[in-house]
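Here are my notes on the model, set out as numbered points for a colleague who has the coordinates open. They take the sheets, the helices around them, the salt bridges and a few single residues in turn.

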Amino acid sequence: MFNLRLKEETETETETETPRSALILGEDTRSFLSVIRSLGRAGYTVHVVCYDRASHSLSSKYIASAFFYNYQAYDNQGWIDNVLCLIERYQYSVVFPCDERAIYPLWQARGLLPKKTKLAVANPESLDVLFDKWKTKQVATKCRIPVAQGDLISPSQHSYEALTNIYGNKFVLKPLQSFEMSCLDKRNKVVIVRSRNDYEEFTNANPASDHCLIEEYFSGKGEGLSVFAVDGKVVTAFSYKRLAEPDTGGGSSYRGSTEIDSSQLQATQRICQETRLSGLAMFEFRRNEETSEWILVEINARVWGGLPLADYAGFDFPKLYADYLCSGNVDERQHKPIPNVTARSLTADLYEIKRESEKIANVMGRTKARAHMTQRLFGILKCVASRESIDSFRLDDPKPFFSEVKDVVDSVLRPALNQRRFIVQYRRKVKQKEIRQLFATNPYRNVIFICYGNIIRSPFAEQYFRSLLSKNAISLGIDSFGFHHKELRSSPDIAVEAASQLRCDLSIHSSKCLTQLDIGETDIIIYFDDKNRHALASGYRTNHAFCAADLLDARYSRLHEIADPYESDVKTIRSCYDKIKNALDNFLTIYQEAVE
């Protein structure tokens with residue numbers, strides 16, 4: 001950890017300085033929440049664009065206004081158009097995107113930003129190199145920085161056997177970029193290949209990518225060196241190591257600060273100079289604990305997942321960067337760093353503990369697994385110590401933490417409660433009463449059916465309910481959609497056959513993806529399972545959404561959802577359709593009672 005004074009202040013701040021404002025874009029309780037807290041504490045008026053309406057970060061007291069634009073409910077152009085309108089309206093001092101989903105489109109549209117608005121995105125030279133893993137590898141090699149043996153390949157032109165002959169039975173495949181501009185709703189994942197199946201899954205998941213980076217697997221633990229640099233000169237740096245990380249790759253759920261390795265710092269400085277980096281970046285290394293040798297893995301030229309640890313240690317990177325953008329000067333007046341601190345992402349660490357325990361149970365038995373889980377869970381209690389923290393918790397802003405805990409408790413209790421017959425019956429009574437009241441106040445509402453793919457459950461519900469209304473001479477707007485972005489898909493033949501048994505024709509159905517524009521203020525939305533509920537709650541503004549299972553009668557007294565029968569058989573789908581038919585027959589009765 002170190003600070004380097006870059007530039008002395010030449011003028012004292014005036015007491016009438018114009019208040020600063022910031023628009024922060026993201027969703028998580030790590031980088032996004034850390035930036036919110038940093039700029040909020042610094043006196044910025046903070047507005048956010050959040051991809052997830054259920055994000056725990058939205059509970060932060062530092063948020064003055066929140067807006068919800070994401071790539072589920074809006075297409076790429078709709079997203080950037082809405083964000084640019086916000087920026088034009090509020091004339092923010094700084095716009096701070098926390099990941100590539102916002103960085104890419106905002107960088108392309110930077111010429112449309114107001115003159116006074118600064119964009120917290122690194123300079124073009126560094127963006128071009130550091131957001132492309134192959135170019136990063138080439139620059140690292142040029143700067144004499146150790147990296148894993150690797151090459152640029154097209155997976156379709158190489159067999160699994162040929163690659164294992166070169167890189168061994170365990171190697172790494174990396175998409176060149178974490179996100180593609182044409183598909184910002186989907187993250188491209190790095191895969192550690194241990195089998196032919198892993199290789200085939202990667203190639204199937206990345207059909208649009210002509211090339212990817214292949215590297216030999218380097219055994220070791222992850223380390224990070226985070227920096228703020230100006231014109232290629234490192235101003236502030238912070239180092240940490242991963243204390244827990246999934247063996248399948250991905251982010252760390254538990255991290256600890258460390259003293260800076262001088263050789264890693266020198267390597268970082270060389271790349272910063274080569275790319276003339278101006279902005280924030282996290283340099284990820286991997287160290288073999290037996291030999292102490294390390295390699296550079298990748299570079300994220302943006303705020304990073306381990307930012308809460310740096311914040312807890314006293315390194316206020318977002319404020320440092322935002323103030324520099326607004327004033328042109330670097331203010332080094334920071335709190336004295338706290339050495340040897342740790343931080344964990346609570347939810348991610350709980351899932352990692354569960355995954356570790358399941359793996360141990362399969363290899364060493366349940367007794368060993370329970371002992372490991374107990375030890376790891378008790379480790380979380382260390383958060384009461386002064387050098388241990390949880391990413392979402394800060395004394396001055398505790399609500400995001402309590403929101404996260406509530407969600408954890410809910411995820412544990414919900415499955416058990418959903419099996420209780422009296423709870424299912426009570427919920428149905430409440431929800432049906434609510435629907436009855438909605439139709440009583442407005443009998444001409446549209447009804448929208450939603451499932452994941454819009455090829456099995458929701459199109460059948462649309463067709464069947466439409467026929468019910470027609471038989472009863474009732475006129476309502478009816479439609480169906482899915483969450484799957486690939487549209488114009490046909491229903492599977494087995495679904496068509498199952499539907500035909502109930503005199504519904506799905507043979508000409510073509511799937512549609514739900515957007516925010518498809519949802520009216522008074523519409524009633526019917527979904528089918530908990531995954532649908534979560535997708536609606538996180539991605540869309542809805543006023544009246546109900547689960548189809550809450551419309552079932554006593555024949556299905558314990559059913560809390562109507563599960564997706566995708567990749568099943570005609571008999572299973574027909575059983576699903578019988579449940580939907582039962583629910584919609586009762587739905588019609590509720591409607592008729594309400595409008596009489």
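1. Two strands are taken to pair if DSSP finds at least two bridges between them. On that basis strand E18 (residues 447-451) and strand E20 (residues 524-527) pair, since they run parallel and are joined by three bridges. Within this pairing, Ile448 has Ile525 of E20 as its bridge partner. Please keep in mind throughout that the model is a predicted one.

2. The wider setting of that pair is an open sheet of four strands, arranged in the order E19-E18-E20-E21 with parallel pairing. Its edges are formed by strand E19 (478-482) and strand E21 (545-547), each of which pairs on one side only. On average, and with direction ignored, neighbouring strands of this sheet are turned by 25° against each other.

3. Two helices that pack on this sheet deserve to be viewed with it. Helix H14 (residues 421-441) touches E18, E20 and E21, and its direction makes about 140° with that of E21. Helix H15 (residues 457-471) touches E18 and E19, and its direction makes about 175° with that of E19.

4. The loop between E18 and H15 contains Asn454, which has a positive phi of about 60° although it is not a glycine. Is this residue, Asn454, buried or exposed? Its relative accessible area is 0%, so Asn454 counts as buried. A second residue to inspect is Asn340, in the loop between helix H10 (317-327) and strand E16 (342-344), where phi is again positive, at about 55°, although Asn340 is not a glycine. Asn340, however, is exposed, with a relative accessible area of 54%.

5. A further open sheet has five strands in the order E4-E3-E2-E5-E6, and here too the pairing is parallel. Strand E4 (63-67) and strand E6 (118-119) are the edge strands, each pairing on one side only. Inside the sheet, strand E2 (residues 21-26) pairs with strand E5 (residues 94-97) in the parallel sense over four bridges, and Leu25 stands opposite Pro97 in E5.

6. Helix H1 (residues 31-41) is largely enclosed by the rest of the structure, because 10 of its 11 residues are buried. Among the buried residues of H1 are Phe32, Leu33, Val35, Ile36 and Leu39, but also Arg37 and Ser38. Ser38, with a relative accessibility of 2%, is in contact with Asp316, Pro318 and Lys319 when its neighbours within four places in sequence are left aside. Just after H1, Gly43 takes a positive phi of about 100°.

7. What does the side chain of Arg37 meet in a salt bridge? The partner is Asp397, at 2.9 Å from N to O, and the pair links distant parts of the chain, with Arg37 in helix H1 and Asp397 in the loop between strand E17 (388-390) and H13, 360 residues apart. Arg37 is buried, with a relative accessible area of 2%, and Asp397 is likewise buried, with a relative accessible area of 2%.

8. The loop between E17 and H13 also holds Arg394, whose partner Asp311 lies in helix H9 (residues 307-313), so this pair ties together parts that are 83 residues apart in sequence. The side chains of Asp311 and Arg394 meet in a salt bridge of 3.1 Å, N to O, and both residues are buried.

9. A salt bridge with partly exposed partners joins Arg436 and Glu593 at 3.2 Å, N to O. Arg436 lies in helix H14 and Glu593 in helix H18 (residues 570-595), so the pair ties together parts that are 157 residues apart in sequence. Arg436 is partly exposed at 28% relative accessibility, while Glu593 is partly exposed with a relative accessible area of 41%. Salt bridges that share partners also join Arg344, Asp349, Glu356, Arg376 and Glu388 into one network, and the structure holds 38 salt bridges.

10. Finally, the surface includes a nonpolar patch of about 340 Å², made by Val409, Val412, Leu413 and Leu417. Of these residues, Val412 is found in helix H13 (residues 399-418) and is exposed, with a relative accessible area of 57%.

Terms used
Residues numbered from 1 in each chain as written. Predicted model: local features only at pLDDT ≥ 70, side-chain atom pairs only at ≥ 80, totals over all residues. Heavy atoms only, no water. Patch = residues over 30% accessible without salt bridge, like charges linked within 9 Å, V, L, I, M, F, W, Y side chains within 5 Å. Areas by Shrake-Rupley, 256 points an atom, 1.4 Å probe, with all protein chains shown as cover. Salt bridge = Lys/Arg side-chain N within 4 Å of Asp/Glu carboxyl O. Buried < 20%, exposed > 50% of the residue type's maximum accessible area, 1.4 Å probe, protein only. Axes fitted to C-alpha atoms, helices over the stretch in contact; angles between N-to-C directions. Contact = heavy atoms within 4.5 Å.
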